[in-house]
Structure formats: structure tokens, C-alpha cells
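Colleague: Before I rely on any of the labels used for this protein, I would like to hear the reasoning behind them.

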Amino acid sequence: MKQSEKTAWIEKLPLLQEIIEKQEVLWRNPLNGDSAKGIEQSGITVDDVKDASDRLKRFAPYIAKVFPETAEANGIIESPITAIPKIKEELTTTYNMDILGELLLKQDNALPISGSIKARGGIYEVLKHAETLALENGLITKEDDYARFAEPEFRNLFAKHKIAVGSTGNLGLSIGIMSAQLGFNVTVHMSADAKQWKKDLLREKGVTVVEYADDYSKAVEEGRRQAEADPLCHFVDDENSLDLFLGYAVAGERVAVQLKERGTQVDENNPLFVYLPCGVGGGPGGVAFGLKLQFGDNVHCFFAEPTHSPCMTIGMMTGLHDKVSVADFGLDIQTAADGLAVGTASGFVGKVMEPLLEGCYTIADETMFKLLTMIADTEDIRLEPSALAGMTGPIQAIRNEVPKADMPSATHLVWATGGSMVPENEMDIYYGIGKGVDRK
Ligand SMILES: *Cc1c(COP(=O)(O)O)cnc(C)c1O
């Protein structure tokens with residue numbers, strides 16, 4: 001971007017100056033409107049999400065069989081919603097601000113199989129691909145018991161097929177673990193900065209890990225190029241995949257049931273606020289879309305991003321979406337928040353969210369670490385840094401006078417996106433960093 005263009009944008013959108021200075025800001029989306037209309041505009045329907053939900057139900061007997069940790073939930077990969085009153089009290093003191101509504105945590109850190117929000121979209125996309133191949137090859141019908149996917153003839157079929165993905169972390173774990181379990185030939189393309197324990201874990205499961213000296217986008221590009229040259233290879237495209245998005249969107253109906261079960265009302269007088277950590281956008285976008293299908297105008301969704309990589313914030317503010325990078329505004333994409341270190345957001349997701357998103361806000365790494373330690377101390381819940389990005393949501397919404405955010409009858413749902421796969425010694429290091437951050 002030319003300097004003159006940049007100056008013009010800052011003149012038009014003064015908040016950009018604060019973003020360039022890496023301050024923690026909240027942006028309210030002026031295009032947020034009628035939910036039903038926004039959903040219609042997207043071209044994605046209730047039936048599309050129901051189709052994804054039904055597919056996950058068909059696969060549930062298989063999942064329960066090969067991942068015993070899901071047997072109790074009958075093979076449905078889901079996480080609990082937990083009330084977190086103790087950290088709410090601590091936040092009230094730290095930020096000197098009342099959160100009048102109830103504070104809840106959606107614990108995707110505890111999702112089975114791969115321990116992050118990626119277990120929704122990533123696993124779904126692999127299962128869908130496996131089903132398509134099995135149907136095409138006459139191995140199964142949709143009415144059969146899908147536990148049969150564990151049988152040798154299925155594995156023999158999948159062994160002739162490849163799955164590839166470019167990822168620094170959690171998406172690679174989800175795609176790698178699920179694909180290897182089914183018997184696919186799976187390759188995860190990783191950038192130089194990917195954590196060693198993730199590479200080790202994947203290799204242990206039989207996944208091919210290709211390492212690149214360059215950054216993440218190079219790894220993705222190279223992975224895509226290799227996959228495109230091979231007709232038997234399915235490339236999971238984090239930036240453009242509708243299947244990933246639909247897998248995430250199934251969360252909406254699950255949350256609706258969970259809130260109902262715990263007696264949490266959502267309507268005009270009882271608004272639901274949801275705070276979702278955002279990287280490229282598929283995860284939070286899909287979940288927000290699913291929630292909009294359930295609750296319409298009564299759910300208010302915010303995306304949370306690191307101050308060093310607010311790609312969705314800048315993409316949506318300017319309307320440039322994937323045609324702009326945070327680097328255009330001098331930001332360096334350096335953050336400890338795995339999964340959120342993204343320079344350019346998905347254009348597909350940005351467009352879908354345009355009429356549906358309440359806004360975006362940013363959070364410093366320091367704040368994420370402080371909150372990581374705080375939730376460990378108060379609630380005994382261990383999360384990875386990214387997963388804390390949602391935690392300042394209620395503070396930001398109330399401080400910036402977002403309508404209804406200060407209602408005592410409001411519910412604030414913080415989406416904790418990952419944590420349980422992080423080795424204990426790594427987690428201890430995170431905890432120590434947060435201890436060292438000035439508590440004020
Ligand atoms: C991937 C990821 C996100 C964000 O999801 P996107 O689809 O990249 O926006 C948030 N938190 C964690 C822990 C993740 O791994």
C-alpha cells in the first residue's frame with residue numbers, strides 16, 4: 001500500500017491510528033444489521049449447517065469407537081460451558097468495572113481429540129472427505145453404521161489418497177490426527193516457527209511433517225501448489241473452505257441446547273454476548289454464523305485479535321478484507337498467540353460477517369498472559385494464550401458503551417479456543433510469564 005493511501009485511510013478512520021500504535025481498541029461494525037437479512041445474503045443456509053450436523057451424527061459411532069475419550073458423549077465432539085464467577089470478581093477488581101451479567105466460558109480447550117476449536121472444523125472437513133470417497137467407491141451408504149470406517153477396506157482405500165494442510169499449529173493437529181486415524185496419507189506443511197512438540201506429536205501419529213525456513217504463508221502456498229498437482233490429494237484451505245466453516249457452525253445448535261439445559265434465557269431482554277478469538281476467521285466466523293442461526297438479533301458477536309495482528313479488524317474496517325495485510329499498516333504479526341498470528345484475514349469469512357458482526361477488539365500479548373495466570377489461579381483452568389483473547393470482551397464492550405452489554409440480564413460467553421494439548425512444561429512457562437506481568 002502506498003503511503004498516500006495509508007494516510008487517506010487513517011484520515012477516514014482515525015481508529016486506525018490507535019491500531020497502528022498497537023493500543024487495545026474496540027471497533028463497532030457500522031454494517032451490522034438485521035440478522036435474517038445478513039444470513040440470507042451469505043448464501044449459506046440452515047440446511048447447509050444441518051447437513052453438517054447430520055454428518056457428524058452419522059460419524060459419531062466411528063468417533064466413539066476410535067477415540068474412546070468421546071465414548072461417554074456417544075462420539076459427539078463437544079465441550080462444556082462453565083460459569084466462571086471467581087475470575088469475574090477478579091476482573092471487576094483489576095479493571096475497576098462491574099460486569100453485571102453472568103460470565104460463562106465455552107471450554108473448547110477441552111474439546112476431545114485435538115484440544116482446540118479446530119477439532120470442530122478441521123475434523124469435520126476430513127470426515128466429509130472420507131465419506132465422499134467411501135460413497136463413491138460403494139463401500140458404504142448413508143444408512144449404514146459408520147463404525148465400519150474403522151475396517152481395513154476403508155483404510156486401504158484412504159491409504160491411496162492424500163490430505164494436505166498448511167498450518168503452524170492447531171489446524172495441523174486436527175487434520176493430521178483425524179486423517180492419520182482414518183488411514184490417509186497426510187502431510188502438514190509447517191513454517192519454521194512451529195512448536196517442536198507439535199511436530200513431534202504429529203510424526204508420532206504417522207503424519208508427514210514438512211518444515212519450511214520461511215513463514216507461514218510460504219508453507220501454505222507450497223502445500224497448496226504440491227496438492228494441486230496431485231488429483232488424489234485434498235488440500236484443506238484454511239482461508240476459503242466452506243466445509244471448515246460449516247463444521248464450526250454446528251456449534252450454534254449445540255450451544256443453544258447447552259444454554260437451555262442450564263436455564264440461561266436468550267431473548268430481547270436477555271441478550272447473549274459472545275467473544276471469539278480470531279485468526280484467519282473461519283473458526284470464529286463459523287461459530288458466530290451458527291449462533292446467528294439460533295439466536296438472530298439477540299446474540300452479539302465480537303472477534304478478538306492480538307494488537308500485533310488485527311487482520312480481521314483492519315479488513316472489515318476498510319472493507320478491503322483479504323486485499324489488505326496488517327503489514328500495510330506497519331504491524332509485524334509477532335504474537336505468542338498461536339492461531340492468531342495472521343496478517344491477512346479470509347475474504348470469504350469477512351464478507352459473510354459484514355452484516356452479522358457486532359465488532360472487533362484487540363488485546364496485547366501481555367494482557368493475554370496476565371489473564372492466563374489469573375484464570376489458572378482463580379478457576380483452576382489452564383488455557384493457551386490465544387484462548388484468553390476473548391476474556392477482555394465484556395470489559396471492552398461495557399467500557400465502550402455497547403448497547404445492552406451492561407444489562408444485569410445479559411450473558412457474556414467467552415470462547416476459550418484451546419489449551420489441553422499444550423505440554424505441561426510449556427504451560428508452566430506461560431503461567432510464569434503471566435505471573436511476571438504487572439497485575440495493574
Ligand atoms: C485457529 C485458532 C483460533 C482462530 O481460528 P481461525 O479460524 O484461524 O480464525 C483461535 N484460537 C486458537 C487456539 C486457534 O487455534
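Modeller: The conversation below takes up salt bridges, exposure and the nonpolar core.

Modeller: This is a predicted model, in which local features need pLDDT of at least 70, side-chain atom pairs count only at pLDDT 80 or more, and totals for chains, interfaces and linings use all residues. Residues are numbered from 1 along each chain as its sequence is written, and side-chain values use heavy atoms, with hydrogens and water left out.

Colleague: Why is the pair Arg203 and Glu211 called a salt bridge?

Modeller: The term requires a side-chain nitrogen of Lys or Arg within 4 Å of a carboxyl oxygen of Asp or Glu; the closest N and O atoms of Arg203 and Glu211 are 2.9 Å apart, so the pair qualifies. By this rule the count comes to 25 salt bridges.

Colleague: What makes Lys323 exposed, and what is Asp322, its salt-bridge partner, called?

Modeller: Buried means under 20% relative accessible area, exposed over 50%, and partly exposed in between (1.4 Å probe, protein chains only). Lys323 has 65% and therefore counts as exposed, whereas Asp322, at 36%, is partly exposed.

Colleague: What makes a set of residues a nonpolar core?

Modeller: Its members are buried Ala, Val, Leu, Ile, Met, Phe, Trp, Tyr and Cys residues joined through side-chain atoms within 4.5 Å. The largest such core here has 145 residues, and Phe149 is among those with the most contacts inside it. A second, separate core of five residues includes Ala164, Val220, Cys233 and Phe235.
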